[in-house]
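Open the model in your viewer and keep the selection tool at hand. This tour goes stop by stop, with something to select at each one.

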Amino acid sequence: MLGEGGVVPLEPAFAEAARSLADELGALLVFDEVQTGVGRTGSFFAFEQLGVRPDAVTLAKGLANGLPIGCFLAAESAFEPGDHASTFGGNPVVCAAAVAVCDEIDDELLASVRDQSARISVRLDGVRGRGLLLAVDTGRPAGDVVAECLAHGLLVGTAGEDAIRLTPPLTLTDEELDHGLAILEEVLS
């Protein structure tokens with residue numbers, strides 16, 4: 001999914017074509033799941049929803065709940081020991097945080113992410129994305145909408161010139177969602 005590019009989901013056919021091309025050329029297919037991984041899209045990895053298995057995956061951000069970590073997962077045949085180094089490969093504290101986060105990502109939490117996403121899509125027009133990585137078309141400058149939301153106590157970001165980005169916590173409660181949606185409905189009306 002293009003995150004900074006406007007929260008645009010990747011089409012499965014595109015992922016399949018990329019997999020075929022990588023296989024044909026003997027190249028590695030690497031998926032960047034820094035924004036989409038660790039449950040953000042309703043599955044642990046977003047690629048699980050595409051039916052295509054990459055040779056390697058990158059993770060960060062949500063993996064250690066805000067602590068600086070980077071993770072590079074590769075198929076056994078993709079690299080030899082020593083082929084890759086890391087800046088934020090982890091230290092004991094950060095790795096303990098990552099283990100704790102992974103322990104909390106279970107089927108119940110992932111189902112909740114998908115359910116909350118569906119509730120958002122039902123209540124707001126122009127929603128795109130997956131899970132709790134969504135964008136909403138605003139029909140006006142997104143910066144103005146972001147400022148209005150902030151004035152009402154709701155933090156959202158931009159996803160292009162005329163779309164806002166919604167990335168609430170994966171642990172979002174129904175009450176919190178309803179409160180945020182009420183603000184969005186008022187601001188966007």
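**Stop 1: the largest pocket**

Start with the largest pocket, which holds about 460 Å³ of space. It is lined by 19 residues, and those closest to its centre are Val38, Arg40, Gly62, Asn65 and Leu170. Select these five residues to centre your view. Now colour the lining of this pocket by residue class: nine residues are nonpolar, six are polar and four are charged. Keep in mind that you are looking at a predicted model.

**Stop 2: Val38**

Stay with Val38, one of the residues closest to the centre of the largest pocket. Where in the chain is Val38? Val38 sits in the loop between β1 and β2, and β2 covers residues 56-59. Is Val38 buried or exposed? Val38 counts as buried, because its relative accessibility is 6% and the cut-off for buried is under 20%. Check the backbone too: Val38 is not a glycine, yet its phi is positive, at about 60°.

**Stop 3: the second largest pocket**

Move on to the second largest pocket, with a volume of about 370 Å³. Select Met1, Leu10, Phe31, Asp32 and Thr36, the closest to its centre among 17 lining residues. Which elements each supply at least two residues of this lining? They are α1, residues 12-25, and β1, residues 30-32. The largest share comes from α1, with three residues. By class, the lining of the second largest pocket has eleven nonpolar, three polar and three charged residues.

**Stop 4: Val7 and Val8**

Go to the segment before α1 and select Val7. Val7 is another residue to check for its backbone: its phi is positive, about 55°, although Val7 is not a glycine. Val7 counts as buried because its relative accessibility is 0%.

Now select Val8, also found in the segment before α1. Val8 is partly exposed, because its relative accessible area is 34% and partly exposed lies between the 20% and 50% cut-offs. What does Val8 touch, leaving aside neighbours within four places in sequence? Val8 is in contact with Met1, Leu2 and Arg128. Met1 is also one of the residues closest to the centre of the second largest pocket. Add Arg130 to the selection and draw a C-alpha to C-alpha distance from Val8: the two are 122 residues apart in sequence and 9.1 Å apart in space.

**Stop 5: Glu176**

Jump to helix α5, residues 174-188, and select Glu176. Glu176 is partly exposed, with a relative accessible area of 44%. Add His152 and draw the C-alpha to C-alpha distance: Glu176 and His152 are 24 residues apart in sequence and 14 Å apart in space.

**Stop 6: the whole chain**

Zoom out and switch to a cartoon view. How many helices and strands does the chain have? There are five helices and seven strands. From the N terminus on, trace them in the order α-β-β-β-α-α-β-β-α-β-β-α.

Next, look at the overall extent. The C-alpha trace spans about 55 × 40 × 30 Å along its principal axes. The chain's radius of gyration is 18 Å, which agrees with the value near 16 Å for a compact globule of 189 residues.

Finally, show the surface. The chain's accessible surface comes to about 10,500 Å², and 55% of it belongs to carbon and sulfur atoms. Of the 189 residues, 38% count as buried. Among contacts with a separation of 6 or more, 60% are between residues 24 or more positions apart.

How values were computed. Residues are numbered from 1 along each chain as its sequence is written. This is a predicted model: local features need pLDDT of at least 70, side-chain atom pairs count only at pLDDT 80 or more; totals for chains, interfaces and linings use all residues. Side-chain values use heavy atoms; hydrogens and water are left out. On a 1 Å grid over the protein atoms alone, a cavity is a set of points where a 1.4 Å probe fits but cannot get out, and a pocket is an open set with protein on both sides within 12 Å along at least five of seven lines; lining residues have an atom within 4 Å of a point. Grid points are joined across faces, edges and corners, and a volume is the space filled by probe spheres set on the points. Ala, Val, Leu, Ile, Met, Phe, Trp, Tyr, Cys and Pro count as nonpolar, Asp, Glu, Lys and Arg as charged, and the others, Gly among them, as polar. Helices (H or I, at least four residues) and strands (E, at least two) are DSSP runs, numbered from the N terminus. The radius of gyration is taken over C-alpha atoms; the globule rule is 2.2 Å times the number of residues to the power 0.38. Buried means under 20% relative accessible area, exposed over 50%, partly exposed in between (1.4 Å probe, protein chains only). Contact means heavy atoms within 4.5 Å. Accessible areas come from the Shrake-Rupley method with a 1.4 Å probe; for residues, only the protein chains shown count as cover.
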